[in-house]
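User: Please take a close look at the charged side chains of this model, and at how they are placed within the fold. I would like one connected account rather than a list.

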Amino acid sequence: MRDLSRIIDIEDLRRAARRRLPRPIFGYLDGGAEAEITLRENVRAFEEWIFRPRNASHIDRLQTRRRVCGTELTFPMVLAPIGYSRLMYPGAEIAAARAARARGITYALPTIAGHSIEEVRAAAEGPLWYQLYTIGGRAAVEPALERARKAGYEVLLVTIDTAVAGMRERDLRNGNKQLLGKSLWKKLPYLPSVLAHPGWLWSFWRDGGVPSLPNIVVEGKPLEAMDVTAALADAATTWDDLRWIRAAWPGPIVMKGVLTAEDARRAADAGAEGIVVSNHGGRQLDSVAATLRVLPEIVAAVGEKIEVLFDGGIRRGGDVIKALCLGARAVLLGRAYAYGMAAFGEAGILRALDILSADIERTLKLLGAPSIDALDGSFLQRA
Ligand SMILES: Cc1cc2nc3c(=O)[nH]c(=O)nc-3n(C[C@H](O)[C@H](O)[C@H](O)COP(=O)(O)O)c2cc1C
């Protein structure tokens, strides 16, 4: 039953996802790296800022639109790339593209997707971005970029914080590797957690089971899902790579995974149109800074030169407003929409977006700010 009427906030979607998903899949979505310090701090950092409203103002018409790296958005939000989405819900990447289109925003299709660049393009009109891992090296990546270009993807997000996959301890405990593999014997100890969720299991089976990854074609074959971790360890994306990526990609390039002013300047010098201040939702190097805490430093360093986007820890529209006040052009939503997607597919993503956009509009009115363009640090103070 798709009972979305009782979903009030993103935490409700998280609970619904936890109910529907087997523990290994929910752990993959919800968890972070190592001790999950950064995962927690990303969320907590929003509590360190409180609002300074301008009361007794009346606002007739709100302005929430923004052009980000050439893409028109009705709200300054982008659906972040979430690898392996299709393990969470059948057709997940298609659902994300459709939901983004329906609400006038955009979706960044991940390299690690169960649906191809072309399938996702065909499923929804509207702007799409593509997220790049250089898995398979130049020989595999250049054709993929050509496919994305031909299909009309507008912006390339180049993820630079994944020299190897982070240490996700929940995934080890829950046997994710074994469950993705082919040996039934090795799966056996972990199967009860999967069998306890027959609804998920049935939909997963009808969607074809573990998908291969059609956007990573190595030696003529799509990569198998279980081979990604090893392939990633061999696929660190470097500043040198940016040169041939630039040559292969005519549109805007946004470097995703910047946490210091130094790297931000380097991205600007390398010719990127933008960056995402991101720690991968606390899933890569643990004990790096919460993204909100480094956003001001990075905006001060490069905000005049390139577009500074932000992600990490956003669970409410008020969080989006805080990031904008601190200088972000727009935010990427990660788990905030992925919980909805995992619980209810497209309807859940739409619910997440509607919750967040209603939050944004209400918060602007309560702040006395008629437009997202009016937001700046004067609307915030330290808690
Ligand atoms: C389950 C999951 C899978 C992810 N997969 C990718 C990926 O394939 N590529 C990528 O660049 N980022 C990936 N990310 C990071 C997100 O794009 C984004 O940076 C992060 O989720 C933002 O933090 P938040 O979830 O707290 O909003 C993933 C995040 C999650 C939660």
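Analyst:
**Charged pairs and their surroundings**

In this predicted model, Asp 30 and Arg 170 form a salt bridge in which the closest N and O atoms are 3.1 Å apart. Asp 30 belongs to helix α2 and Arg 170 to helix α8, so the pair ties together parts of the chain that are 140 residues apart in sequence. The two partners sit in unlike surroundings: Asp 30 has a relative accessibility of 7% and therefore counts as buried, whereas Arg 170, at 26%, counts as partly exposed, the limit for burial being under 20%. The pair is also part of a network of salt bridges, in which Asp 30 and Arg 170 are linked with Glu 11, Asp 12, Arg 14, Arg 15 and Glu 36.

The helices that carry this pair also bear on helix α3. Within α3, which spans residues 37-44, Thr 38, Leu 39, Glu 41 and Asn 42 are buried, and what covers the buried residues of this helix includes α2 and α8, together with α16 and α18.

Thr 38 leads on to an acidic residue without a salt bridge. Asp 286, which is found in the loop between β11 and α16, is buried and yet has no such partner, the nearest side chain of opposite charge being that of Arg 40, 6.5 Å away. As a salt bridge requires the nitrogen and the carboxyl oxygen to lie within 4 Å, that separation falls outside the cut-off. The side chain of Asp 286 does, however, reach the backbone nitrogen of Thr 38 at 2.9 Å. Leaving aside residues up to four places away in sequence, Asp 286 touches Ala 33, Glu 34, Ala 35, Glu 36, Ile 37 and Thr 38. One of these contacts, Glu 36, is a member of the salt-bridge network described above.

Returning to paired charges, the count for the model comes to 23 salt bridges, and two further examples join distant parts of the chain. In one of them, the side chains of Asp 207 and Arg 86 meet at 2.7 Å, N to O. Asp 207 lies in the loop between α12 and β8, while Arg 86 lies in helix α4, and the two are 121 residues apart. Here both Asp 207 and Arg 86 are buried.

In the other example, Glu 273 forms a salt bridge with Arg 246, with 3.3 Å between the closest N and O atoms. This pair links the loop between α15 and β11, where Glu 273 is placed, to helix α14, which holds Arg 246, across 27 residues of sequence. Glu 273 has a relative accessible area of 32% and is therefore partly exposed, and Arg 246, at 26%, likewise counts as partly exposed.

Helix α14 brings the account to the barrel. Eight strands close into this barrel in the order β4-β5-β6-β7-β10-β11-β12-β13, with parallel pairing. On average, and with direction ignored, neighbouring strands of the sheet are turned by 30 degrees against each other. Helix α14 packs on the sheet, where it touches β6, β7 and β10, and its direction makes about 160 degrees with that of β10.

The pairing can be followed strand by strand at the start of that order. Strands β4 (residues 77-79) and β5 (residues 106-109) run parallel and are joined by two bridges, with Val 78 having Thr 106 as its bridge partner in β5. From β5 the sheet continues to β6 through three bridges, again in parallel, and the partner of Leu 109 in β6 is Tyr 130.

Five of the five residues of β6 are buried, so this strand is largely enclosed by the rest of the structure. Both of its faces are covered, with Leu 128, Tyr 130 and Leu 132 buried on one side and Trp 129 and Gln 131 buried on the other. Gln 131 also makes a polar contact at 2.9 Å, side chain to side chain, with Thr 159, a residue of strand β7. Thr 159 counts as buried because its relative accessibility is 2%. Beyond residues up to four places away in sequence, Thr 159 touches Gln 131, Leu 132, Tyr 133, Thr 237, Lys 256 and His 280, a set of contacts that includes the charged residue Lys 256.

Conventions:
Residues are numbered from 1 along each chain as its sequence is written. This is a predicted model: local features need pLDDT of at least 70, side-chain atom pairs count only at pLDDT 80 or more; totals for chains, interfaces and linings use all residues. Side-chain values use heavy atoms; hydrogens and water are left out. Two strands pair if DSSP finds at least two bridges between them. Helices (H or I, at least four residues) and strands (E, at least two) are DSSP runs, numbered from the N terminus. Axes are lines fitted to C-alpha atoms, for helices over the stretch in contact, and angles run from 0 to 180 degrees between N-to-C directions. Contact means heavy atoms within 4.5 Å. Buried means under 20% relative accessible area, exposed over 50%, partly exposed in between (1.4 Å probe, protein chains only). A polar contact is a pair of N or O atoms within 3.5 Å; within protein, one must be able to donate a hydrogen and the other to accept it, and residues adjacent in sequence count only if both atoms are side-chain atoms.
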